Amino acid sequence: MQILFLLAKLVMPEGPSIVILKELVQPFKNKKVINVSGNTKVDVAWVAGKKIEDFRSWGKHFLICFDKRTIRIHFMLFGSYRINETKDAAPRLHLEFSNGQLNFYACSVRLIEEAINNVYDWTADVMNDKWSPAKAKRKLREIPSTLACDALLDQNIFAGVGNIIKNEVLYRIRIHPKSKLGKLPAGKLNELVKEARNYSFDFLKWKKAYELKKHWLAHTKKTCHRCDLPIKKEYMGKTNRRTFFCANCQVLYK
Ligand SMILES: [Zn+2]
């Protein structure tokens, strides 16, 4: 129970946090890796002497792109990184450059051998310039019995959306998390898709200003500021994630 409680308290980085990382590592773009090490089981020795062509992100995936191959970092629950400094732990992946170093800890490291444009659908990433609301709506209409709380966490539809964004988006657009997609009026479905991206950019802006939590209206909150009634907390949906909502102003479409 203690471990479960601990897990529930951990915050998995959501898409906007990966976008921040991508911005922070820009000084290493087009730089040659002069040293590589780490306790990852993936073979990364080939990276030594290679130039980083680009850093990209897809949802919660952080991508280090070389000419032919890409290293995919996923922070899962315990992952973290340090730029130009180290943590008191063995790095899963350590990259050294002439102008600094990049360290990743307790994350999942994978190698992508294929061209990443064949692997990733950029139109599904809410933070990407290629994000397609029309495609997202089409995917949502195909799964009418899915609950709104599960749909937002579906990385094939809303890559980058995590539990905080889910809770805040549903509160913002006044949709009860247990609403079925097929029962949402067209306008509400549009709002869902629109706010998944909008809120993600607000998240990015607030996170950069170190004031993300200050703006939470539902996530971890006790009282609905619109109704002055208690915010409920429930583990729900197939995803069984912590869900905060107001049963009074968030309409249940069922
Ligand atoms: Zn309310």
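**Notebook: helix α7, helix α2 and two sheets**

I began with the covered face of α7, and I noted K188, L189, L192, V193, E195, A196, Y199, S200, D202, F203, L204 and W206 as its buried residues. I should record at once that this is a predicted model, and that the values in these entries were computed from it.

Next I looked up what lies over those residues, and the elements covering the buried part of α7 include α2 (15–24), α4 (133–141), α5 (148–153) and α6 (163–172). The helix itself takes in residues 186–208, which is 23 residues, and from its first C-alpha to its last it reaches 34 Å, close to the 33 Å expected at 1.5 Å a residue. I also checked the course of α7 and found a kink of about 30 degrees centred on E195. Just past the helix I noted Y210, which follows α7 and has a positive phi, near 55 degrees.

The kink made me look up E195 by itself, a residue of helix α7. Its relative accessible area is 14%, and the cut-off for buried is under 20%, so E195 counts as buried. When neighbours within four places in sequence are left aside, E195 is in contact with V169, R172, I173 and S200.

I then turned to α2, one of the elements that cover α7. Seven of the ten residues of α2 are buried, so I entered the helix as mostly covered. The buried ones are G15, P16, S17, I18, V19, I20 and L21, and what covers them includes β2, β3, β5, β7 (100–105), α6 and α7. For its placement, I noted that α2 lies across β2 and β3 and runs at about 175 degrees to β2.

That led me to the sheet holding β2 and β3, an open sheet of four strands in the order β2-β3-β4-β8 with antiparallel pairing. Since β2 (54–58) and β8 (108–112) each have a single partner strand, they stand at the edges, and one side of each is therefore left without a neighbour in the sheet. From one strand to the next the twist averages 25 degrees. I followed the pairing of β2 with β3 (residues 61–65), which is antiparallel and extends over five bridges, and there I found F55 with I64 of β3 as its bridge partner.

At the other edge I looked up S108, whose place is in strand β8. With a relative accessibility of 18%, S108 counts as buried. Not counting residues up to four places away in sequence, S108 touches R72, I73, H74 and M76, and the side chains of S108 and R72 are joined by a polar contact of 3.3 Å.

My last entry concerns the other sheet, which is also open, with four strands in the order β1-β6-β7-β5 and antiparallel pairing. Its edges are β1 (35–37) and β5 (80–83), and because each has a single partner strand, one side of each has no neighbour in the sheet. Neighbouring strands here are turned by 10 degrees against each other on average, direction ignored. I followed β1 to strand β6 (residues 93–97), with which it pairs in the antiparallel sense over three bridges, and noted L95 in β6 as the bridge partner of V36. Two strands of this sheet, β5 and β7, had already come up among the elements that cover the buried residues of α2.

Terms used:
Residues numbered from 1 in each chain as written. Predicted model: local features only at pLDDT ≥ 70, side-chain atom pairs only at ≥ 80, totals over all residues. Heavy atoms only, no water. Expected span 1.5 Å × (residues − 1). Bend = angle between axes of the 7 residues up to and from the residue. Buried < 20%, exposed > 50% of the residue type's maximum accessible area, 1.4 Å probe, protein only. Contact = heavy atoms within 4.5 Å. Pairing = 2+ DSSP bridges. Axes fitted to C-alpha atoms, helices over the stretch in contact; angles between N-to-C directions. Polar contact = N/O pair within 3.5 Å; in protein donor to acceptor, adjacent residues only side chain to side chain.
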